[in-house]
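Open your viewer and get ready to click along. We will begin with the whole chain and then select smaller and smaller parts.

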Amino acid sequence: MRTDGNVILIGFMGCGKSSVGRKLAGLLAVPCLDTDALIEEQEKMTIREIFTRMGQAYFRDAETRAVRSLTGREGRYVLSVGGGLPLRSENRELLKKLGTVIYLKASVQTLSERLARDTSRPLLQGEEPLEEKITRILSEREALYEEACSHVVLSDGKSIREVAQEIKRLIT
């Protein structure tokens with residue numbers, strides 16, 4: 001299995017993993033994979049349906065299965081992972097084995113602006129104000145993101161293309 005050249009994008013929801021992943025894959029001329037899409041394909045349900053019907057613990061297990069399924073994959077790729085995937089120690093180790101892990105970091109303000117009208121994210125639902133919820137969840141996750149990654153790339157105030165080009169420079 002070749003993992004040199006694979007790029008794994010991690011970070012909080014709304015930081016740009018999927019958009020940057022697609023752009024970066026285009027710049028590198030490799031496939032772009034997304035764990036949420038892999039899970040939806042494997043489970044035959046949307047992420048929201050999985051959370052509603054099966055619960056968060058089941059979803060976290062599905063994330064691990066999705067990452068494990070990539071360990072034997074041939075060829076280079078860019079992989080965007082769900083914001084909570086690096087929470088599990090096993091997942092952080094698997095990601096490191098799959099390739100170069102990049103933490104796309106964005107400020108709470110940027111994340112709040114990007115997520116303000118997004119109703120598709122189960123963890124952001126509820127009465128707690130969005131900025132407070134993001135601050136709380138991010139404070140629980142940030143150290144794990146940093147532990148899992150090889151590089152941190154700030155996405156605040158940058159276009160998708162600028163972030164993708166910065167990552168390309170980092171890895172080549």
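## The whole fold

Color the chain by secondary structure and follow the elements from the N terminus: they run β-α-β-α-α-α-β-α-β-α-α-β-α. This is a predicted model, so keep that in mind as you look around. The protein has eight helices and five strands. Its radius of gyration is 15 Å, close to the 16 Å that the globule rule gives for 172 residues, so the protein is as compact as a globular protein of that length.

Now show the C-alpha trace and turn it slowly. Along its principal axes, the trace spans about 45 × 35 × 25 Å. Next, turn on the surface: the accessible area is about 8500 Å², and carbon and sulfur atoms account for 49% of it. Beneath that surface, 43% of the 172 residues count as buried.

How much of the contact network links residues 24 or more positions apart? Among contacts with a separation of 6 or more, such pairs account for 73%.

## Stop one: Glu63

Select residues 56-69, which form helix α4, and find Glu63 within that helix. Is Glu63 buried or exposed? Its relative accessibility is 1%, and buried means under 20%, so Glu63 counts as buried.

Which residues does Glu63 touch, leaving aside those up to four places away in sequence? Show Ile39, Gly82, Gly84 and Leu85 to see these contacts.

## Stop two: the cavity

The structure holds one cavity of 30 Å³ or more. The volume of the largest cavity is about 40 Å³. To see its lining, select Phe12, Cys15, Tyr103, Leu104, Lys105, Ala106, Leu111, Leu138 and Glu142.

Which element gives the largest share of this lining? Strand β4 does, with three residues. Both β4 (100-105) and α7 (130-148) supply at least two lining residues each.

Try coloring the lining by residue class. You will find seven nonpolar residues, no polar ones and two charged ones.

## Stop three: helix α6

Finally, select residues 108-115, helix α6. Its buried residues are Thr110, Leu111, Ser112 and Leu115. Leu111 should look familiar, as it also appeared in the lining of the largest cavity.

Which element do the buried residues of α6 pack against? Show α7 alongside them: that is their packing partner. Helix α7 was also one of the elements supplying at least two residues to the cavity lining.

Conventions: Residues numbered from 1 in each chain as written. Predicted model: local features only at pLDDT ≥ 70, side-chain atom pairs only at ≥ 80, totals over all residues. Heavy atoms only, no water. Helix = DSSP H or I, 4+ residues; strand = E, 2+ residues; numbered from the N terminus. Buried < 20%, exposed > 50% of the residue type's maximum accessible area, 1.4 Å probe, protein only. Contact = heavy atoms within 4.5 Å. 1 Å grid on protein atoms, 1.4 Å probe; cavity = no way out; pocket = protein on both sides within 12 Å on 5 of 7 lines; lining within 4 Å. Points joined across faces, edges and corners; volume = space filled by probe spheres on them. Nonpolar A, V, L, I, M, F, W, Y, C, P; charged D, E, K, R; others polar. Rg over C-alpha atoms; globule rule 2.2 N^0.38 Å. Areas by Shrake-Rupley, 256 points an atom, 1.4 Å probe, with all protein chains shown as cover.
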